[in-house]
Structures are given as structure tokens and as C-alpha cells.
Amino acid sequence: MKVTEDGEKINLHQKDWPLNYNKLKEETGNDEKPRELHSEEFLFKDKEIPPWQSQLTLRAVVVSCAMGAFLTIFVVKMDLIFGVIPPVNLFAGFFGFLLITTWTKLLSAAGFMGQQFTRQENAVIQICVNAVISTAYNGGFASYFIAMSDIIAKQFPEPFNAEDIKNPSFGWMTMLLLLSSSAGLLTILPFRKYMIIDKKLTFPTGSASANFINSFHAPRSGKLNGRKQTKKLNRFFTISFLWSIFQWLYSGGDSCGFTYFPTFGLKAFERSFYFDFYSAYIGIGMMCPFVITYSQMVGAIFSSGVLWPYIETKSGDWYPVDASTALSGTEAYKVFIGLSIIIGGGVYTLVKIIVIWLIKHENNHNSSALPVENPFHGKNPVSYDEDVRTKTFLKDQIPKKVAIMGYVSYVAITMISVAFFPFIFPSLEWYQVLTLYLISPLLGFCRAYATGLSDMSISMFLRQPVILIFGSWAGKSRGSVLAALAACGILLHFVEVASNMMESFKVGYKTLSSPKSLFLSQLIGTLVGCFVSPYVFLYFKNQYPAGFGTPDSVFSASWASGDRAAAMEAANGFSTLPKHCLSLSLAFFVAAILVGMLRDSMPKKWKILIPIPMVFAMPFFVGAYLSIDMSVGYLIFYLWRRKNKAQAEGFAPFVGSALMFGDGLWLFPSTVLSMKNIVAPMCMRFLSKEMSAQVETCLSGGS
């Protein structure tokens with residue numbers, strides 16, 4: 001039969017529809033044409049899913065490790081020079097696709113029949129490369145690692161103790177990364193079904209990577225709209241990339257460019273209420289559900305529009321006007337209150353998961369696998385994509401024996417760490433290390449959950465609170481600075497690895513990859529990264545010894561001095577914080593738990609109006625502008641959906657992915673231009689009427 005969809009006639013017999021349309025119509029009263037014709041997985045229905053051993057191939061591992069090592073050099077160098085790293089992990093799947101397809105074509109030309117390159121193998125490459133370079137991203141080579149050294153200590157006028165110095169060396173850096181990362185991998189595994197299947201968290205970066213991988217391997221024939229999705233992806237990728245170039249042309253100076261456009265006026269701009277034309281977060285807004293953008297917008301209005309203006313009226317009373325450090329001024333309120341909300345939401349969610357798991361475990365005590373919620377328990381039929389992906393993802397259950405082995409391994413790693421880290425850092429006591437390994441799973445869960453909701457990371461905001469807590473715990477004893485920095489390094493790497501593992505599962509879910517191959521590729525990449533990243537860092541340090549780590553050096557490691565200053569200040573304890581900071585944080589922590597309980601007790605139609613605490617807290621750190629970007633993205637999706645519901649729901653995730661990748665790709669050439677000191681040719685700056693008059697007067701007087 002012929003079905004008209006978006007003006008295109010498709011020869012498709014009803015038996016080949018991804019869902020039985022007659023049944024769909026009977027159960028839901030839906031007179032629309034089947035939305036499932038937009039199915040992506042329907043394009044791959046004739047392709048057999050290879051077993052996990054055929055996904056994790058030798059060539060995939062070799063290519064991943066080589067590519068990861070090469071990109072690690074770039075990442076570490078950018079981190080040391082700028083303190084900002086382009087999102088090279090986004091393009092690992094693309095580079096892997098190019099390398100393997102070239103490899104297979106060369107073998108074919110030589111008369112050899114190579115193994116078919118599947119999207120599952122491509123996903124393994126994406127995840128393995130990401131794991132390698134994530135160690136460089138989050139290893140602290142431009143922050144807490146080098147902050148331990150005498151290079152940074154000598155930049156402060158205060159004298160330092162030898163106990164507060166630990167110069168970088170390959171051995172102890174590698175062991176720290178290995179112990180913290182392996183523990184991080186194990187703790188997040190039990191939550192993969194909850195986050196990916198039950199809660200259907202978006203993980204925008206992981207989803208975007210999977211969408212691109214699927215587009216590389218989509219069949220080139222056929223008229224189904226799944227093929228149109230890849231065309232839209234390529235089109236909007238180009239538009240986003242060209243738009244980023246256009247914006248750069250007007251950014252030739254301080255506070256120049258579209259990023260500083262005062263959309264709602266200069267007063268609102270000062271409060272971070274403006275639209276900065278950042279296409280990546282517009283794309284994320286198109287991919288995230290309404291409750292996410294709504295929660296962020298409410299959080300932005302409350303924090304930047306109400307709470308921070310009120311706290312600023314207490315300047316000189318609650319905190320000094322000229323605060324000497326970040327954690328003695330308004331920044332402390334932003335960091336501690338924001339983290340309190342996120343941790344409060346995480347604690348409530350984690351307790352809820354455990355209680356539900358215990359109930360299901362009791363009901364399924366005869367089962368040999370962990371109990372899993374049936375994702376198809378509702379009355380409404382699921383889409384073909386969700387049906388296929390969920391069934392494939394749930395094939396690999398976690399047997400009880402494997403789960404128990406994972407828990408035993410985590411306990412063993414904890415015990416090794418409790419013995420090893422005090423030996424390397426004598427000022428870090430064994431009970432402090434044990435405390436780190438007890439709280440890290442909670443923070444790793446919060447990091448992964450927050451990333452799954454909104455694609456924002458809380459790790460950079462954890463740094464100074466962790467330093468303050470463990471630095472104040474050590475007190476003014478000799479070596480307290482080193483103890484605070486070491487604790488920071490252990491916890492942050494643990495948290496990042498846990499979050500990356502869950503994002504990898506999202507990539508696998510959308511590419512029908514086996515969780516077994518995903519976990520092993522993540523493990524291999526992490527182990528490789530733990531050896532490669534310290535080696536690359538030490539190479540740069542030894543090859544460029546003159547001024548390395550100093551403000552005037554090319555390799556300035558700009559974050560390091562701030563971390564050491566925070567560790568030195570932490571010896572004074574929580575008295576460093578401004579007034580009422582801890583009491584406000586405790587109040588918001590309790591409020592986050594209560595709001596979570598309220599959301600779960602409300603009917604569905606009212607539940608959507610109550611913000612999700614973990615998303616609500618994100619603007620506390622970064623301001624309102626990213627929330628506005630995401631709101632614009634969702635508004636585009638909403639208007640598109642009003643016009644054509646099926647088309648919007650089928651294409652919006654691909655358009656959003658394209659906007660993310662196009663904007664991310666431009667960061668590569670822009671970074672190279674910055675290294676060469678090439679500045680944009682024009683500066684577009686926005687001034688008030690009074691300031692503009694002063695500029696004109698100055699120019700007229702000069703002429």
C-alpha cells in the first residue's frame with residue numbers, strides 16, 4: 001500500500017510497518033498516520049546484530065588506543081595552555097568511521113575480504129577513545145596535580161613546608177588514576193537500567209554521538225524518513241558550523257561578539273539574562289523534554305533574579321566587599337547552595353531506587369538476575385525504535401554472581417586505596433581515604449544523573465568544596481595542603497569516570513550495542529588513558545622546563561594556582577565561608593528532598609509543573625544564559641511540533657545533534673587560531689547610551 005508522509009509517497013506494505021497501525025488505532029483512537037515511519041531502527045531491520053565478541057574487535061581496540069593516544073596529546077596541551085579543551089570526544093566516532101572504512105577498502109583492493117564494519121563496532125571505538133581522552137580531560141594535569149608541585153608553591157609569598165609538596169612523577173600519578181577510575185567504573189553499573197530504560201534520561205552528548213554513528217551506517221537506499229533524518233543532520237551540521245564561523249568574525253576583542261548581545265537590556269545582561277546564540281545548547285534544548293528546560297528556567301529566574309540580588313544587598317555584612325578568595329564571597333553561596341540542591345535530589349533518588357530494588361528483589365528472590373522494571377507496562381504502544389532498543393539492551397542481564405564480584409572488587413580497591421594513598425600522601429589519613437570512597441558513589445550518581453538530564457557537569461564546581469572540606473579536616477597540620485589536593489584528585493576522577501560510563505551505555509542503547517562490549521571497551525580505554533595521560537603531561541613538563549606552570553609561560557596551567565590557594569585557605573576551616581552559607585545550604589538540601597517527594601506524590605498532569613531539583617540547581621553555577629539557550633531550542637521544537645507532530649518528533653533529535661556537533665567542530669580551528677594569536681577582524685560591542693556618548697566625545701576630541 002502507499003502511505004503519504006510529509007508529501008512523500010512510500011511503497012510500504014502494512015505488514016512491514018514498525019507497529020500494527022490497526023491495533024494502534026483501536027487502542028488509542030489515533031487517526032494519524034503511524035509516526036513509526038520515522039523509525040531509525042526500521043532502516044536496520046535487515047541487518048543482524050553481531051554478538052558482543054564481534055563488536056569488540058582487535059582492529060577497533062587498536063584504532064581506539066592509537067587515536068586516543070594522539071588526541072590525548074592535543075587535550076593535555078590545550079589544557080595546559082588555555083585551561084579550556086575543545087570537545088574532541090564528540091568526533092571519536094567519526095574519526096573511527098573514516099579509519100576503519102579506509103582500512104576495509106584497502107584490504108578489499110588488495111584482494112582480502114575484511115570483516116564488515118558495523119555501527120556497533122563504531123560505537124565501541126567511540127566509547128574506547130572517549131575513555132582514553134577522558135583521563136586527560138579530568139586528570140587534573142593543569143589543576144590539582146601540578147598544584148601539588150613546588151613550581152606552583154614558589155609563586156606564593158608565603159613559605160611552604162616540604163610536606164605540602166609532591167612533584168609529579170609517572171608512578172604515583174598512574175596509580176592514583178588507576179585506583180580511582182576502576183572504582184568509578186564499578187559503582188555506576190547497577191544503575192544503568194534505571195537511568196537508560198526506566199527514566200529514559202536524554203544524555204544529549206551521548207545521544208548526539210549515537211545519532212551520528214547511525215547516520216554513517218544507515219542504508220543508502222529506501223525512501224523511509226529514517227533516511228531523511230540523516231540528511232537533516234548533515235544539513236544543520238553545516239549550518240551550525242558556518243554560523244560559528246560567522247560569529248567568530250565579530251569577536252575580535254574583549255566582550256565582543258554575539259555572545260555578549262544584551263537581548264533583554266543591559267541591566268538584564270548584568271544578571272546573565274541574555275541569549276548568546278550558542279547553537280550547541282539550542283540543540284540540547286531541542287532534544288530535552290519540557291520539564292528539563294522548564295526546571296532550568298525556573299532555577300535561573302530564582303537564582304539570578306531573586307536570590308543573588310538579595311544576597312548582594314548583604315555585602316559588607318554577610319561577606320566582605322573585597323573578598324580575598326572565591327569561597328569567602330558570593331561565589332561560595334552559588335557553589336554550596338547549588339551543590340546542596342543537587343546532592344539532596346541525588347540522595348532522595350538513590351534512596352528511592354534502593355527501596356524499590358529491595359521490594360522487587362524480595363518479589364523475585366528466585367530469579368538469577370537483578371530485577372528489572374518492565375518498560376512496556378503502560379497502555380500506550382511504544383515506538384519501534386524504543387521497542388527494539390530496549391529489548392536489545394535488556395538481553396544482557398547482570399547475574400547475581402557478577403554483581404557480587406563487582407561489589408567485592410570495589411571493596412578490594414577501597415582497601416588497597418586506604419593502604420596506598422596514605423603511603424604516597426602521608427598527610428592523608430586512612431579514614432579520610434575511606435570517607436572518600438564512601439561518598440564518591442553518591443557524587444558519581446549525582447554527576448551521571450545530572451548529565452543525563454541536562455548535559456551539564458557539576459565536577460568543576462566540586463573542586464573547591466572538596467578542597468575546603470578535606471583541607472579543614474586536616475587543619476593547620478603540616479601537609480594539609482597536599483591532603484586537600486590529593487582528596488580532590490581522587491574524588492573528581494572517580495566521579496567523572498562513573499558519569500562517562502553511563503553516557504557510554506546511552507550510546508550503546510541507541511546503536512544496539514551490547515553492554516558487555518561497552519563496559520570492556522570503557523575499561524580498556526580507561527586503563528590506556530591512565531598510562532598515556534601522565535606520560536604526555538610529563539613529556540611537556542620535561543621538554544619545556546623554562547617557566548613551566550608559571551603565568552608568563554605558554555604552559556601556564558591557569559587552574560593550578562587557584563587550587564593551591566584554596567587548599568592553603570582551607571586550613572582555616574569553615575570560617576572561611578561567608579555568614580549563613582552553610583545554614584542556607586542545609587535548608588536547600590532539605591528542600592530538594594521535600595520537592596522530590598512532592599513530585600512523586602503529585603498526579604502526572606501537575607507533576608510537570610514542579611521543577612526537578614537537580615536541573616533547577618544548574619543555573620546557580622553558570623547563570624541564566626544557558627537556560628535561555630535551551631528554552632529557545634525547546635520553543636523551536638514546540639512550534640515545529642504544533643505544525644507537524646510526527647515530523648518534529650522524528651527529526652528534532654537529529655537537528656539538535658547537528659547543532660551540537662557543528663558548534664563543537666568550530667572549536668578545533670578556533671583553538672588553533674588562538675594558539676597562533678590570530679584575532680577576529682571585527683569587534684561588535686554593545687554600550688549604553690551614556691557610554692556611547694562618552695566614546696563619541698573621546699573620538700571627536702582625539703580627531
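1. Let me start with a pair worth a look in your viewer: the side chains of Glu121 and Arg59 meet in a salt bridge, with 2.7 Å from N to O. Glu121 belongs to helix α5 (residues 119-138) and Arg59 to helix α3 (residues 58-81), so that this bridge links distant parts of the chain, 62 residues apart. Both partners are buried: Glu121 is, and Arg59 is as well. Please keep in mind throughout that this is a predicted model.

2. Now for the overall frame. The chain has 703 residues, of which 55% count as buried. Its secondary structure consists of 29 helices and two strands. Among contacts in the chain with a separation of 6 or more, 81% come from residues 24 or more positions apart.

3. Back to charged pairs. How many salt bridges does the structure hold? There are ten. As a general point, side chains of opposite charge can pair when their charged atoms come close. Another of these pairs is Glu312 with Arg271, where the closest N and O atoms are 2.9 Å apart. Glu312 sits in helix α14 (residues 290-312) while Arg271 sits in the loop between α12 and α13, so the bridge ties together parts that are 41 residues apart in sequence. As for exposure, Glu312 counts as partly exposed at 38% relative accessibility, and Arg271 is also partly exposed, with a relative accessible area of 31%.

4. A local pair comes next. Asp387 and Lys391 form a salt bridge, and their closest N and O atoms are 3.2 Å apart. Why are these two residues separated by about one helical turn? Because they are four residues apart in helix α16 (residues 384-393). You may also like to select Lys352, Asp600 and Lys607 together, as a network of salt bridges links them.

5. On to helix packing, beginning with α8 and α20. The axes of helix α8 (residues 170-188) and α20 come within 7 Å and cross at roughly 40°. With angles under 35 degrees counting as roughly parallel, this value makes α8 oblique to α20. The crossing of the two helices is right-handed. From α8, the residues involved are Leu176, Leu177, Ser180, Ser181, Ala183, Gly184, Leu185, Thr187 and Ile188. They meet Gly489, Ile490, His493, Phe494, Val497, Ala498, Met501 and Met502 in α20. Sorted by class, this contact has eleven nonpolar, six polar and no charged residues.

6. Helix α20 has a second crossing to check, with α21. The axes of α20 (residues 480-511) and α21 (residues 515-543) come within 10 Å and cross at roughly 140°. Are α20 and α21 antiparallel or oblique to each other? Angles over 145 degrees count as roughly antiparallel, and α20 and α21 are therefore oblique. Their crossing is right-handed. On the α20 side the contact is made by Asn500, Met501, Ser504, Phe505 and Gly508, and on the α21 side by Pro515, Leu518, Phe519 and Gln522. By class, the contact has five nonpolar, four polar and no charged residues. Met501 is listed for α20 in the contact with α8 and again in the contact with α21.

7. Two backbone angles deserve a quick inspection. In general, most residues other than glycine have a negative phi. Lys200, although not a glycine, has a positive phi of about 50°. Where does Lys200 lie? Its place is the loop between α9 (192-198) and α10 (204-217). Lys200 is partly exposed, with a relative accessible area of 42%. The other case is Phe277, a residue other than glycine whose phi is positive and near 60°. Phe277 is found in the loop between α12 (266-270) and α13 (279-287).

8. One last residue to click on is Ser340, in helix α15 (residues 330-363). Is Ser340 buried or exposed? At 12% relative accessibility, Ser340 counts as buried, because the cut-off for buried is under 20%. Leaving aside residues up to four places away in sequence, Ser340 touches Ser585 and Phe589.

Key:
Residues numbered from 1 in each chain as written. Predicted model: local features only at pLDDT ≥ 70, side-chain atom pairs only at ≥ 80, totals over all residues. Heavy atoms only, no water. Buried < 20%, exposed > 50% of the residue type's maximum accessible area, 1.4 Å probe, protein only. Salt bridge = Lys/Arg side-chain N within 4 Å of Asp/Glu carboxyl O. Axes fitted to C-alpha atoms, helices over the stretch in contact; angles between N-to-C directions. Parallel < 35°, antiparallel > 145°, perpendicular 65-115°, else oblique. Left-handed = near helix turned anticlockwise from the far one by under 90°. Contact = heavy atoms within 4.5 Å. Nonpolar A, V, L, I, M, F, W, Y, C, P; charged D, E, K, R; others polar.
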